[in-house]
Amino acid sequence: MTPKLLHPFGKPGTSGHRNLVKSEGVRLWDDQGNEYIDGLGSLWLCQVGWGRPEIIQAVTDQLSTLVYNHFPPWGYDVAETLADKITSISPLPDGRVYMCCSGSEAIDSAFKIARATAQLKGEPDRQIMLRRTRGYHGVNVGGTSMQGIEPNRTGFGDLMPHIIEIDPENIESAASVFAEHGPNIAGVISEPVQGAGGVFPPNGEYLQQLRDLCTRNGSLMILDEVITGFGRTGSMFAAQTYGVTPDLITFAKGVTSGYQPLGGVIVSRDVCDVLEADPDFILRHGHTYSAHPASCAAALVNIDIIEREGLADRANHIGERLSAGLQALADDGSIREVRGVGAIWAARLNNDDLATTVAVRDRMLDLGVVVRPIGDSIAFCPPLIMSDEDVDKMVDAFAQALRDNAAG
Ligand SMILES: Cc1ncc(COP(=O)(O)O)c(C=O)c1O
């Protein structure tokens, strides 16, 4: 059979060559009988592990009861209950939640909400959005335009105008853009911990200083918590880990741990007040599958598990053990640097080239551990239920792969 699937982020003429057939707990299996420890939570998304019967049951029950209906005047309890739950655990408890199906849709929704807010406030020229170098914000047109990973932006012709890139570490870069364009800046988008760009926690007070610049200039701070939300950094949201209160929070991935597609934007009360001010205003933005009941049902049980099993705390425990193992490799010179927070970490290899990181990743797959090569680093983002024993196995496989690679 000629492969017909056009793979995401792949060469169009090729197809996946490890065919997965099963997932359970923190493990995956392929059709050759190989077993893998899922050291990346699939794609930075699985907090509660695979095969949770209560999530599967909740989705089945929901689909057996009500599949879908959409847009006003329709509504349904499971979506309201989830919006209430998400706001209650977020730093924006009196806001509202917009829901869609992915992180990319969440980002473009936040982009449009930020722009709409300025327009509604009578500031038509406030259209500039700031992005950080290394930022990843998905693949829709707004998110592609706002991402700071240059190769992901090129090859598609013209993208959105009015976007300015700032340095991801040095707040002076943002300060000088604000000094020049402040009244025209609609918002700044930033991952609290840059993920796909290589796992970079914020430098010192960077996020708080960015918040301050936004507040002083009447611009919105958008925190992209698609990876960091739902326990990953040791709190429900990284905004809480770092003590910043943004105006908009985008989320996806960990909200359902990948059992159903769901993304969204938590909108602060201040922004809601602008959107709600004119009773005749219609926010002409919405996806067919906004707040799909089956996704909401999965998310409610997933969040309940995260809370009940204390998985945000567990993220810190995993991180302490994982980073200690990685640090030992840095101390003996096997790698150059260890970066991370909670249960998201990266190890910078001694070589700069992607070919080496890919070779190390491939060797780790042979040793039964899934990680991600990014530039000169290997990223780890395991499910938050991973046992100490499996964390140690990941570190051992990494050390072995480094040794094998050095031996050629
Ligand atoms: C920080 C961040 N934002 C947005 C996205 C896009 O999410 P999705 O792939 O669900 O569209 C991702 C995906 O990895 C992400 O890491």
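Which residue has a polar backbone atom 3.5 Å from a nitrogen atom of the ligand? Select the ligand in this predicted model and look for Tyr136: a polar backbone atom of Tyr136 is 3.5 Å from a ligand nitrogen atom.

**Stop 1: the ligand**

Remain at the ligand and select Gly103 next. A backbone N or O atom of Gly103 lies 2.9 Å from an oxygen atom of the ligand. Then select Ser104, where a polar side-chain atom lies 2.5 Å from a ligand oxygen atom. Taken alone, the ligand exposes 390 Å², and the protein buries 85% of that area.

Now display the residues around the ligand. They are Ser102, Gly103, Ser104, Tyr136, His137, Gly138, Glu191, Asp224, Val226, Ile227 and Lys253. Colouring this shell by class gives 3 nonpolar, 5 polar and 3 charged residues.

**Stop 2: the strands S2, S3 and S13**

Select residues 27-30, which form strand S2, together with residues 35-38, which form strand S3. The two strands pair in the antiparallel sense over 3 bridges. To find one of the paired positions, select Arg27, whose bridge partner in S3 is Ile37. The hairpin of S2 and S3 has 4 residues between the strands. Select Gly33 in this hairpin: Gly33 takes a positive phi near 85°.

Keep S3 in view and add strand S13, residues 369-370. S3 and S13 run parallel and are joined by 2 bridges. Asp38 can serve as a marker here, as the bridge partner of Asp38 in S13 is Val370.

**Stop 3: the salt bridge of Glu309 and Arg52**

Turn next to the charged side chains. A search of the whole structure finds 28 salt bridges. Select Glu309 and Arg52, whose side chains meet in one with an N to O distance of 2.8 Å. This pair links distant parts of the chain, 257 residues apart. Glu309 is in the loop between helix H11 (293-308) and helix H12 (311-331), while Arg52 is in the loop between helix H1 (41-44) and helix H2 (53-65).

Are the two partners buried or exposed? Glu309 counts as partly exposed because its relative accessibility is 36%. Arg52 has a relative accessibility of 13% and therefore counts as buried, the cut-off for buried being under 20%.

Extend the selection to Glu54, Asp304 and Arg308. Together with Arg52 and Glu309, these residues are linked in a network of salt bridges.

**Stop 4: a salt bridge within helix H10**

Select helix H10, residues 269-276. Within this helix, the side chains of Arg269 and Asp273 meet in a salt bridge, N to O at 2.9 Å. The two residues are 4 residues apart, about one turn of the helix. Arg269 is partly exposed, with 23% relative accessibility. Asp273 is also partly exposed, and its relative accessible area is 39%.

**Stop 5: the salt bridge of Asp352 and Arg336**

Finally, select Asp352 and Arg336, which form a salt bridge with their closest N and O atoms 2.7 Å apart. Asp352 lies in the loop between strand S12 (344-349) and helix H13 (354-366), and Arg336 lies in strand S11 (residues 335-341), so the pair ties together parts that are 16 residues apart in sequence. Asp352 counts as exposed because its relative accessibility is 54%, and the cut-off for exposed is over 50%. Arg336, at 36% relative accessibility, counts as partly exposed.

Definitions and conventions:
Residues are numbered from 1 along each chain as its sequence is written. This is a predicted model: local features need pLDDT of at least 70, side-chain atom pairs count only at pLDDT 80 or more; totals for chains, interfaces and linings use all residues. Side-chain values use heavy atoms; hydrogens and water are left out. A salt bridge is a side-chain nitrogen of Lys or Arg within 4 Å of a carboxyl oxygen of Asp or Glu. Buried means under 20% relative accessible area, exposed over 50%, partly exposed in between (1.4 Å probe, protein chains only). A residue is near a molecule or strand if one of its heavy atoms lies within 4 Å of it. A polar contact is a pair of N or O atoms within 3.5 Å; within protein, one must be able to donate a hydrogen and the other to accept it, and residues adjacent in sequence count only if both atoms are side-chain atoms. Accessible areas come from the Shrake-Rupley method with a 1.4 Å probe; for residues, only the protein chains shown count as cover. Ala, Val, Leu, Ile, Met, Phe, Trp, Tyr, Cys and Pro count as nonpolar, Asp, Glu, Lys and Arg as charged, and the others, Gly among them, as polar. Two strands pair if DSSP finds at least two bridges between them.
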